[in-house]
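Reader: I would like to go through this structure feature by feature. Please take the surroundings of a ligand to begin with, then the sheet, then the record.

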Amino acid sequence: MTDTIAFLGTGNMNGAILRGLLAAGHPASSLRATTRSGASATALSTETGVEAKAAGEDASANAWAVEGADVVVLGVKPVGIAELARQIAPQLRPDTVVLSVAAAITLATLEAALPAGQPVVRTMPNTPLQVGAGAVGLSRGSSADDAAVASATAVFGASGQVFEVPEAQIDAVSAVSGSGPAYAFYLAEAMADGGVALGLDRELAVKLAAATVAGAGRMLEQEGVDPAALRRAVTSPNGTTERAIAVFDARGVREAIAEGEKAATDRATQLSIELA
Ligand SMILES: NC(=O)C1=CN([C@@H]2O[C@H](COP(=O)(O)OP(=O)(O)OC[C@H]3O[C@@H](n4cnc5c(N)ncnc54)[C@H](OP(=O)(O)O)[C@@H]3O)[C@@H](O)[C@H]2O)C=CC1
Ligand SMILES: O=C(O)[C@@H]1CCC=N1
């Protein structure tokens, strides 16, 4: 039977999950969504056909969405997650699986805000779910059994790959794949800027860079593929690519990316403490 799924806080991330489910054939009638503003709720509903209510205009909107839901996905900003969890706690069935997509909000914080024994799954999805190409890490709470994890996985499974990880690794998942689409877009921006500096029109440079990052992404989709092997296949000995990569290596691009990922996890640690 199709699960009824409530999305609370349906912006960039929850919106991407919802669109991924719809694209995979999940019926709109078994989804519900909330936002803060009426404008966001109307736009979402008009675009997707999913019923949506605005918590900023109707104080019972989140309770309405949760009523009878099999799965609830908390998708507001991290600072609002615990308060939202406390708000909806009275409406949850004991077997409703509560997912959080928030960075830095721990299972302990989620479980403390919800009724004892509620199945909780902390997840770190990414926005490519909306085009069926997501990557998701998840960690189960103390009351989440295999069936609860299967329900959580089903929210993402049709639109991306799902990996269960120990909670201690979820900030690293966030730094690699949660934030990762932004790194890929940053690369595309930088490639386009470089093309403009070499004399290309901006419009052409952006199209070339975007098509190239997208095409390379599709080549990476094959099971077991090695990014380094794909890179080597483009890099002719003593050719042009080799010169470019040598500059990247000399400028420490690889190290900068690793340092950026470390900074992302450090921020998650800091936020976890602030919002515990
Ligand atoms: N963006 C990303 O790529 C990723 C984000 N995340 C996590 O997802 C969460 C949301 O981030 P993101 O989607 O980017 O943020 P957005 O600001 O795009 O979305 C937040 C949504 O929450 C709504 N909202 C705010 N308060 C309430 C409320 N009380 N009740 C119901 N809805 C409410 C907002 O409504 P309105 O539109 O009306 O303001 C908005 O739709 C964060 O916790 C973040 O850590 C995780 C992985 C990746
Ligand atoms: O930037 C953020 O905090 C969120 C979490 C991962 C991606 N976006």
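Reader: Which helix gives the most to the shell around ligand 1?

Author: To read a shell, list its residues and then ask which elements they come from. In this predicted model, the answer is H4, with three residues. Helix H4 covers 78-88, and it is joined by helix H1 (12-23) and strand S2 (31-35), each of the three supplying at least two residues.

Reader: How many residues surround ligand 1, and which are the closest?

Author: The shell has 27 residues, and the closest are Gly 9, Gly 11, Ser 37, Ser 40 and Ala 102.

Reader: How do the residues of that shell divide by class?

Author: A class count is a quick summary of the surroundings. For ligand 1 the shell holds 14 polar, eleven nonpolar and two charged residues.

Reader: And which residues surround ligand 2?

Author: The shell of ligand 2 consists of Ala 103, Ser 174, Gly 178 and Ser 179. Three of these are polar, one is nonpolar, and no charged residue is present.

Reader: Now the sheet. What is the order of its strands?

Author: Sheet order is read across the sheet, not along the chain. Here eight strands form an open sheet with mixed pairing, in the order S3-S2-S1-S4-S5-S6-S7-S8. Strand S3 (51-54) and strand S8 (160-164) are the edge strands, each pairing on one side only. From one strand to the next, the twist averages 20 degrees.

Reader: How many bridges join strand S5 to strand S6?

Author: A pair of strands is followed through its bridges. Strand S5 (residues 97-100) and strand S6 (residues 120-124) run parallel and are joined by three bridges. Val 98 has Val 120 in S6 as its bridge partner.

Reader: Which strands does helix H2 touch?

Author: For a helix on a sheet, note the strands in contact and then the angle. Helix H2 (residues 38-48) packs on the sheet against S2 and S3, and its direction makes about 175 degrees with that of S3. H4 lies across strand S1 (5-8), strand S4 (71-74) and S5, and runs at about 150 degrees to S4. H4 is thus met twice, here across the strands and earlier in the shell around ligand 1.

Reader: Where are the two domains, and how far apart are their C-alpha centres?

Author: Domain 1 spans 5-168 and domain 2 spans 180-269. Their C-alpha centres lie 32 Å apart.

Reader: Which features does UniProt place at residues 4-103 and 167-271?

Author: A record can be set beside the secondary structure of each span. For residues 4-103, the unreviewed UniProt entry lists "domain: Pyrroline-5-carboxylate reductase catalytic N-terminal"; this span is 40% helix and 21% strand. For residues 167-271, the unreviewed entry gives "domain: Pyrroline-5-carboxylate reductase dimerisation"; that span is 79% helix and 0% strand.

Reader: Which residues does the UniProt annotation "binding site" cover?

Author: The unreviewed entry names Leu 8, Gly 9, Thr 10, Gly 11, Asn 12, Met 13 and Thr 35. They span 28 residues in sequence, yet no two of their C-alpha atoms are more than 12.1 Å apart, so they gather at one spot. Leu 8 lies in strand S1, while Gly 9 and Gly 11 are among the closest residues to ligand 1.

Notes:
Residues are numbered from 1 along each chain as its sequence is written. Chains are lettered from A and ligands numbered from 1 in the order in which they are written. This is a predicted model: local features need pLDDT of at least 70, side-chain atom pairs count only at pLDDT 80 or more; totals for chains, interfaces and linings use all residues. A residue is near a molecule or strand if its C-beta atom, placed from the backbone, lies within 6 Å of it. Ala, Val, Leu, Ile, Met, Phe, Trp, Tyr, Cys and Pro count as nonpolar, Asp, Glu, Lys and Arg as charged, and the others, Gly among them, as polar. Helices (H or I, at least four residues) and strands (E, at least two) are DSSP runs, numbered from the N terminus. Domain bounds come from an automatic or database domain assignment. Two strands pair if DSSP finds at least two bridges between them. Axes are lines fitted to C-alpha atoms, for helices over the stretch in contact, and angles run from 0 to 180 degrees between N-to-C directions. Two residues are in contact if their C-beta atoms, placed from the backbone, lie within 7 Å. UniProt positions are given in the numbering used here, feature names are shortened, and annotations may be inferred rather than shown by experiment.
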